[in-house]
Amino acid sequence: MDCVFCKIARGEIPARVVYEDDKVISFHDINPKAPVHVLLIPKMHVENLKEEIPADVSYALIRGIRETVKRLGVSEYRIISNNGRGAGQEVFHLHFHIVAGIEIPPATV
Ligand code: AMP
Ligand code: ZN
């Protein structure tokens with residue numbers, strides 16, 4: 001599939017990988033907006049959370065957050081996921097932004 005994050009998952013384009021297992025991989029964002037800005041993705045191609053995700057992959061994503069922050073040595077962090085173009089999604093392969101290291105204001109809606 002011609003998708004930049006699928007290519008990272010397959011090791012076809014370089015990324016600064018933080019954590020990887022058979023279902024998920026996390027890597028540093030190429031254009032970090034905070035001292036810690038890492039993306040966690042499922043290795044299978046899913047556009048965003050509007051799509052059905054197998055239960056084992058859903059669990060692997062949650063576990064992947066925990067494993068990633070452990071490796072980063074970070075204990076307080078924010079998870080952001082943009083779902084749909086109107087929500088700011090630019091890469092249409094599900095990803096969670098893991099952001100830390102800045103004074104983060106309370107989330108507003
Ligand atoms: P979003 O707006 O939620 O779709 O976020 C996409 C994110 O992917 C942005 O923060 C980009 O900087 C990041 N990004 C795009 N291409 C790459 C890449 N090849 N390696 C790492 N991060 C990337
Ligand atoms: Zn993909």
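This passage walks through a zinc site, a covered strand and a set of salt bridges in a predicted model.

A natural place to begin is the metal. The zinc ion (ligand 2) is held by four residues, with Cys3 and Cys6 each contributing SG and His45 and His93 each contributing ND1, at 2.1 to 2.3 Å. The angles subtended by these four donor atoms run from 104 to 118°, and the arrangement is therefore tetrahedral. Along the sequence, the donors of the zinc ion (ligand 2) follow the spacing C-x2-C-x38-H-x47-H. One pair of donors, Cys6 and His93, ties together distant parts of the chain: Cys6 belongs to helix α1 (residues 4-9), while His93 sits in the loop between β4 (78-80) and β5 (96-100), 87 residues away. Both members of this pair fall below the 20% cut-off for burial. Cys6 counts as buried because its relative accessibility is 5%, and His93 is buried because its relative accessible area is 0%.

From the metal site, attention turns to the strands. Strand β3 (residues 36-42) is mostly covered, with seven of its seven residues buried. In a regular strand, side chains alternate between the two faces of the sheet. Each face of β3 can accordingly be read in turn: Val36, Val38, Leu40 and Pro42 lie on one side, His37, Leu39 and Ile41 lie on the other, and all of these residues are buried. Strand β3 also has pairing partners. Strand β2 (residues 24-28) runs antiparallel to β3 and is joined to it by five bridges; within this pairing, His28 has Val38 of β3 as its bridge partner. Five bridges likewise connect β3 with β5, and these two strands are antiparallel. Here Leu40 is found opposite Phe96 of β5. Val38 and Leu40, which take part in these pairings, share one side of β3.

The charged side chains complete the picture. Side chains of opposite charge can pair when their charged atoms come close. The structure contains seven salt bridges, and three of them are described here, beginning with Glu12 and Arg10, whose closest N and O atoms are 2.8 Å apart. Glu12 counts as partly exposed because its relative accessibility is 48%, and Arg10 is also partly exposed, at 43%.

A second salt bridge brings together the side chains of Arg63 and Asp21, at 3.5 Å from N to O. This pair spans distant parts of the chain, since Arg63 is in helix α2 (residues 55-72) and Asp21 is in the loop between β1 (17-20) and β2, 42 residues apart. The two partners fall into separate accessibility classes: Arg63 is partly exposed, with a relative accessible area of 27%, whereas Asp21, at 15%, is buried.

The third salt bridge joins Lys70 to Glu67, again with an N to O distance of 3.5 Å. Both residues lie in helix α2, separated by three residues, or about one turn of the helix. Lys70 is exposed because its relative accessibility reaches 57%, while Glu67 counts as buried at 18%. This contact does not stand alone, for salt bridges with shared partners combine Glu67, Lys70 and Arg71 into one network.

Note on methods: Residues are numbered from 1 along each chain as its sequence is written. Chains are lettered from A and ligands numbered from 1 in the order in which they are written. This is a predicted model: local features need pLDDT of at least 70, side-chain atom pairs count only at pLDDT 80 or more; totals for chains, interfaces and linings use all residues. Side-chain values use heavy atoms; hydrogens and water are left out. Donors are N, O and S atoms within 2.8 Å of the metal (3.2 Å for Na, K and Ca); water is not among the atoms, so sites may look incomplete. Four donors count as tetrahedral if all angles lie between 85 and 135 degrees; four count as square planar and six as octahedral if opposite donors are over 155 degrees apart and all others between 65 and 115; anything else is irregular. Helices (H or I, at least four residues) and strands (E, at least two) are DSSP runs, numbered from the N terminus. Buried means under 20% relative accessible area, exposed over 50%, partly exposed in between (1.4 Å probe, protein chains only). Two strands pair if DSSP finds at least two bridges between them. A salt bridge is a side-chain nitrogen of Lys or Arg within 4 Å of a carboxyl oxygen of Asp or Glu.
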